[in-house]
Amino acid sequence: MQKKIEKNALIISSIMNFIIALSGICVYLLTGLQALFLDGVFSLIAFISNILATAISKVSRKKTKAYPNGLHFLEPLYAILKSLFILILLGTSLAETSKTAYNYFFYGTGEIMNIGPVLPYSIAMVILCFGLGLFNKYQNKRINNTSTILTAESKGNFVDGIQTLGIGIAAVLLYFVDINGSLGFLWYTGDFFITVVLVIISIKEPVVVLFNSFREFSNGTTNDKDILDFINNTVEDIVHPIIKDIRCEIVKVGMYIDIKIYLNENITQDMYSELMKAKENIYSEVSQKYENINIIYAF
């Protein structure tokens with residue numbers, strides 16, 4: 001059920017991101033603004049990655065001889081690659097607009113920005129991007145925020161929406177700038193300043209997703225507070241009556257959660273039988289919230 005919800009959300013995201021990307025590229029071709037190129041290509045990357053994410057979501061649960069627990073590592077790998085693409089895109093756009101600003105300030109060459117269609121485009125795209133971001137966030141919440149893919153998607157949608165909002169605000173402010181006044185240079189270099197602001201406000205999310213996804217990909221213990229609190233409390237409630245000195249190690253890879261329970265006391269045969277029953281109870285409790293789990297004892 002959790003995988004089905006994730007898959008359906010990704011299909012809807014693919015359709016919406018295609019519309020957003022097509023709109024952004026069309027307006028970029030009309031205006032030549034690098035900030036709009038950044039915005040449009042950002043959505044295009046989201047559209048292509050949605051298709052890949054849908055395929056990954058479908059195959060990640062398949063088990064092979066080499067990966068008996070499934071191919072769940074593909075989910076954080078996807079998030080890592082998408083984050084890297086976004087960071088490269090931000091850097092490339094910043095470099096392109098920096099060159100334009102340099103030519104104007106040092107050589108006095110440049111073109112006046114065409115902002116005619118920017119405002120209506122921005123209004124429409126902000127509504128779509130934030131709406132899609134809230135949709136993906138809600139769908140992930142339905143599956144207890146276990147989807148690394150939907151986490152990356154929703155954050156990407158919000159970043160895209162913030163970028164478009166920034167472009168729209170800048171276009172409105174530029175209408176009040178006299179081209180022959182002291183701030184007239186903004187009509188020639190505004191694209192650079194808009195892109196700088198977009199990069200500053202957009203760079204945090206892909207960096208956070210990159211680090212968190214790498215942690216999952218490398219089988220590091222999870223730092224997700226909701227997962228930690230729920231599983232640790234469940235384990236303590238069920239195992240503590242049998243044995244007091246225990247410790248949980250929780251590793252999340254995509255939507256797969258591996259729970260290792262360390263038992264730091266000598267175990268008798270009677271305690272062992274009770275622990276096996278406790279393991280079944282833990283699995284029953286936890287699997288109601290997180291479907292793809294594995295539980296082992298470490299003696």
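Axes, in what follows, are lines fitted to C-alpha atoms, for helices over the stretch in contact, and the angles between N-to-C directions run from 0 to 180 degrees. In this predicted model, helix α3 (residues 74–107) packs with helix α7 (residues 204–217) at an angle of about 150°, their axes lying 8 Å apart. Since angles over 145 degrees count as roughly antiparallel, α3 and α7 are therefore roughly antiparallel to each other, and their crossing is left-handed. On the α3 side the contact involves P76, L77, A79, I80, S83, L84, I86 and L87, which meet P206, V207, V209, L210, S213, F214, E216 and F217 in α7.

A second helix pair is formed by α1 (residues 2–31) and α4 (residues 118–142), which pack at an angle of about 165° with their axes 10 Å apart. Helices α1 and α4 are therefore roughly antiparallel to each other, and the crossing of this pair is left-handed. Among the α1 residues in the contact are I5, A9, I12, M16, I20 and V27, while the α4 residues that take part include V118, Y121, M125, L128, L132 and F135.

The strands come next. Strand β2 (residues 256–263) pairs with β3 in the parallel sense over seven bridges, and Y256 has N292 as its bridge partner in β3. Between β2 and β3 the chain passes through helix α9 (residues 269–286), giving a β-α-β crossover that is right-handed. Strand β3 itself, spanning residues 292–298, is mostly covered, with five of its seven residues buried.

Key: Residues are numbered from 1 along each chain as its sequence is written. This is a predicted model: local features need pLDDT of at least 70, side-chain atom pairs count only at pLDDT 80 or more; totals for chains, interfaces and linings use all residues. Side-chain values use heavy atoms; hydrogens and water are left out. Buried means under 20% relative accessible area, exposed over 50%, partly exposed in between (1.4 Å probe, protein chains only). Helices (H or I, at least four residues) and strands (E, at least two) are DSSP runs, numbered from the N terminus. Two strands pair if DSSP finds at least two bridges between them. A crossover is right-handed if, with the strands pointing away from the viewer, the path from the first strand over the helix to the second runs clockwise. Angles under 35 degrees count as roughly parallel, over 145 as roughly antiparallel, 65 to 115 as roughly perpendicular and the rest as oblique. A crossing is left-handed if the near helix is turned anticlockwise from the far one by less than a right angle, and right-handed if clockwise. Contact means heavy atoms within 4.5 Å.
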